[in-house]
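Please open the structure in your viewer and keep the sequence panel beside it. The tour below moves from one selection to the next, and at each stop it says what is to be found there.

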Amino acid sequence: MITDKGRQELRGWFAGRLPESWFTELVEVSADREEITVIGRIAEPELPPGASITEYEAACEGRITEFRERTRAQRVEVAREAQVRFRRQLSWGARCGHSQEMFTHISAPVMTRLKQPERLVLDTLIAGGVARSRSDALAWCVRLVERNSDAWLADLRESLHEVERVRTEGPAPSTADGLEGSALEKTDR
């Protein structure tokens with residue numbers, strides 16, 4: 001799991017690296033072992049007074065598409081730099097109004113061993129048409145836990161922050177070459 005210092009380093013690097021004209025707000029900068037996700041809010045379109053909700057939503061979707069195409073080459077360059085610096089793939093998304101679209105994202109394989117009762121849960125989801133495969137069923141289960149356990153997951157993350165704080169107060173670990181890398185390089189490795 002990424003540390004607070006690592007999160008701050010990520011957010012700071014992207015805040016400094018991205019062109020100021022791209023986003024009105026950096027909505028999300030998050031990371032796991034494989035991927036960094038950057039989602040920014042883009043300026044909403046100006047519509048004439050009395051425009052319908054449907055027109056507004058379509059205009060926001062169009063604005064996201066325009067942003068995606070206009071910034072493609074620069075986003076690829078930033079992604080290359082970020083991959084070298086942070087050793088992770090970079091995924092992009094944009095939010096405009098209530099619309100959000102992810103342009104790129106990775107689907108990382110996760111190896112797990114499940115006993116028969118757990119496999120039967122996944123197979124039931126497949127048979128019920130909730131998922132197409134065990135992989136889809138497992139992803140559905142993870143999203144369900146995430147949605148229904150927000151408070152518990154927040155408490156768990158807070159506990160991990162406390163563990164990180166206590167670790168930083170202790171002696172620094174030595175490395176083989178005597179050099180220490182950034183907080184991001186120390187995480188997940």
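A residue is called buried when its relative accessible area is under 20%, exposed when that area is over 50%, and partly exposed in between. With those cut-offs in hand, select Ser159, which is found in helix H5; because its relative accessible area is 42%, Ser159 counts as partly exposed. Keep in mind throughout that this is a predicted model.

While Ser159 is selected, add His98 and draw a distance between the two C-alpha atoms: the pair is 61 residues apart in sequence and 32 Å apart in space.

Stay on helix H5, which covers residues 150-169, and go along to Val166, which also has its place there. Is Val166 buried, partly exposed or exposed? Its relative accessibility is 46%, so Val166 counts as partly exposed. From Val166, reach back to Ser30, which is 136 residues away along the chain, and the C-alpha atoms turn out to be separated by 23 Å.

Next, select residues 134-148, which form helix H4, and pick out Val142 within that helix. Val142 has a relative accessibility of 53%, and because the limit for exposed is over 50%, Val142 counts as exposed. A C-alpha to C-alpha distance from Val142 to Asp123 gives 15 Å, for two residues that are 19 apart in sequence.

Now turn to the loop that lies between helix H2 (53-86) and strand E3 (89-96), where Arg87 has its place. What is the sign of phi at Arg87? The angle is positive, near 55 degrees, in a residue other than glycine.

Zoom out to the whole chain and colour by secondary structure, which should bring up six helices and four strands. Followed from the N terminus on, these elements run α-β-β-α-β-β-α-α-α-α.

With the whole C-alpha trace in view, turn it along its principal axes, where the spans are about 60 × 50 × 30 Å. The radius of gyration is 20 Å, whereas a compact globule of 189 residues would have one near 16 Å. Buried residues make up 26% of the 189 residues, and when contacts between residues at least 6 apart in sequence are taken together, 57% of them join residues at least 24 apart.

Switch to a surface display, for which the accessible area comes to about 13000 Å², with 53% of it belonging to carbon and sulfur atoms. If you then colour the charged side chains, you will find 28 positive and 32 negative ones, and the centres of the two sets lie 5 Å apart.

Finally, colour by pLDDT, whose mean for the protein is 86, with 90% of the residues reaching 70 or more. Select residues 185-189 as the last stop, since pLDDT stays under 50 over this stretch, for which the model nevertheless has 16 contacts beyond four places in sequence.

Definitions and conventions:
Residues numbered from 1 in each chain as written. Predicted model: local features only at pLDDT ≥ 70, side-chain atom pairs only at ≥ 80, totals over all residues. Heavy atoms only, no water. Helix = DSSP H or I, 4+ residues; strand = E, 2+ residues; numbered from the N terminus. Rg over C-alpha atoms; globule rule 2.2 N^0.38 Å. Buried < 20%, exposed > 50% of the residue type's maximum accessible area, 1.4 Å probe, protein only. Contact = heavy atoms within 4.5 Å. Areas by Shrake-Rupley, 256 points an atom, 1.4 Å probe, with all protein chains shown as cover. Lys, Arg positive; Asp, Glu negative; His and termini not counted. Charge placed at Lys NZ, Arg CZ, Asp CG, Glu CD. pLDDT = per-residue confidence, 0-100.
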